[in-house]
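Here is a short briefing to keep beside you while you look over the sequence and the model. Take it at your own pace, topic by topic.

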Amino acid sequence: MPLVSLIGLAVFSLILVLPFGNGPNSLRIPFLLGFAGLLLFLALIAAWILGVTLFFPNGELAQLVKDRHRLIQGHIDLLMMAQFLFIFSGLFRLYAVEPPRWVLALCCYGAFFNAFGLASAAFIAKLPGAVAVPPPQPSFPISAALSFTAVTVGFLAATALILHAAWRSWRDARHSLSASRDASIEGEAV
């Protein structure tokens, strides 16, 4: 798990330094769409693993999966995270919001490693006679806290950016409507 944490921090750092550009030609929204597509692809792989192990319970792949319930949880979490990133991408584009790098980094890091923690537990062997998986690695609470915090802060920040842009759009539309109505009333009075 420490290697996974280091990879996660490297991905987080990479998002912060990638040359995404600024303005209408920024690559931030396409990156978020691509990352959502990656999560969806991983969810489909998990679905195929679940399907194959269901129909071939004595196969080699079924021997690798130690806890189907955890794999199902990881699959659902990957689907949910991909869905949220797709929605954020669409709303960022709709309201012409360019998300800050730190929002991208938190959303992507948290979405990936939140689901990864659940799915990876599916491949850890249970102790003989145990009901649950063995205790996690010593670094697991730290990496879990980082991914949970990252996804929470990232998704809340993305939601706040979108709500602010939607409110501004509504306010501007209301003001332009009242200005055009005032102009038409003045035109009729002449």
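The notes below cover the cores, the surface patch, the salt bridges and a few single residues.

Please keep in mind that this is a predicted model. Its largest nonpolar core has 28 residues, and a search of the whole structure finds two salt bridges. On the surface, a nonpolar patch offers about 1000 Å² of accessible area together.

**The nonpolar cores**

- In the largest nonpolar core, the residues with the most contacts inside it are Leu32, Leu39, Leu85, Phe88, Phe92 and Phe155.
- The elements giving two or more residues to this core are H2, H4, H5 and H6, and H5 supplies the largest share, seven residues.
- Phenylalanine 155 is in contact with Met81, Phe84, Leu85, Phe88 and Cys107, leaving aside its neighbours within four places in sequence.
- Another core, of seven residues, lies apart from the largest one; Leu50, Val65, Leu71 and Ala119 are among its members.

**Helix H5**

- How many of the 20 residues of H5 are buried? The count is 15, so this helix is largely enclosed by the rest of the structure.
- The length of H5 also checks out: at 1.5 Å a residue its 20 residues should span 28 Å, and its end C-alpha atoms are 28 Å apart, which agrees.

**The nonpolar surface patch**

- The patch is formed by Leu33, Leu40, Leu44, Trp48, Val52, Leu54, Phe55, Phe56, Leu79 and Phe86.
- Two elements, H2 and helix H4 (68-94), give two or more residues to the patch, with the largest share, seven residues, coming from H2.
- Phenylalanine 86, one of the patch residues, sits in helix H4. Its relative accessibility is 33%, so phenylalanine 86 counts as partly exposed, between the cut-offs of 20% and 50%.

**The salt bridges**

- Side chains of opposite charge can pair when their charged atoms come close.
- One bridge joins the side chains of arginine 28 and glutamate 98, at 3.5 Å from N to O. Arginine 28 belongs to helix H2 and glutamate 98 to the loop between H4 and helix H5 (101-120), so the pair ties together parts that are 70 residues apart in sequence.
- Are these two partners buried or exposed? Arginine 28 is buried, with a relative accessible area of 9%, whereas glutamate 98 is partly exposed at 30%.
- The side chains of arginine 171 and aspartate 172 also meet in a salt bridge, again with 3.5 Å from N to O. Here arginine 171 is partly exposed, with a relative accessible area of 27%, and aspartate 172 counts as partly exposed at 43%.

**Two residues to look up**

- Where is leucine 18 found? You can find leucine 18 in the loop between helix H1 (2-17) and helix H2 (28-55), where it is partly exposed, with a relative accessible area of 25%.
- Not counting residues up to four places away in sequence, leucine 18 touches Phe31 and Arg101. Leucine 18 and arginine 101 are 83 residues apart in sequence, and 9.0 Å separates them in space, C-alpha to C-alpha.
- Threonine 159 lies in helix H6 (residues 140-189) and is partly exposed, with a relative accessible area of 31%.
- Between the C-alpha atoms of threonine 159 and leucine 91 there are 9.4 Å, although the two residues are 68 residues apart along the chain.

Note on methods. Residues are numbered from 1 along each chain as its sequence is written. This is a predicted model: local features need pLDDT of at least 70, side-chain atom pairs count only at pLDDT 80 or more; totals for chains, interfaces and linings use all residues. Side-chain values use heavy atoms; hydrogens and water are left out. Helices (H or I, at least four residues) and strands (E, at least two) are DSSP runs, numbered from the N terminus. Buried means under 20% relative accessible area, exposed over 50%, partly exposed in between (1.4 Å probe, protein chains only). Contact means heavy atoms within 4.5 Å. Patches are made of residues with over 30% relative accessible area and no salt bridge: like charges are joined within 9 Å, nonpolar side chains (Val, Leu, Ile, Met, Phe, Trp, Tyr) within 5 Å. Accessible areas come from the Shrake-Rupley method with a 1.4 Å probe; for residues, only the protein chains shown count as cover. A salt bridge is a side-chain nitrogen of Lys or Arg within 4 Å of a carboxyl oxygen of Asp or Glu. The expected span of a helix is 1.5 Å times one less than its number of residues. A nonpolar core is a set of buried Ala, Val, Leu, Ile, Met, Phe, Trp, Tyr and Cys residues joined through side-chain atoms within 4.5 Å.
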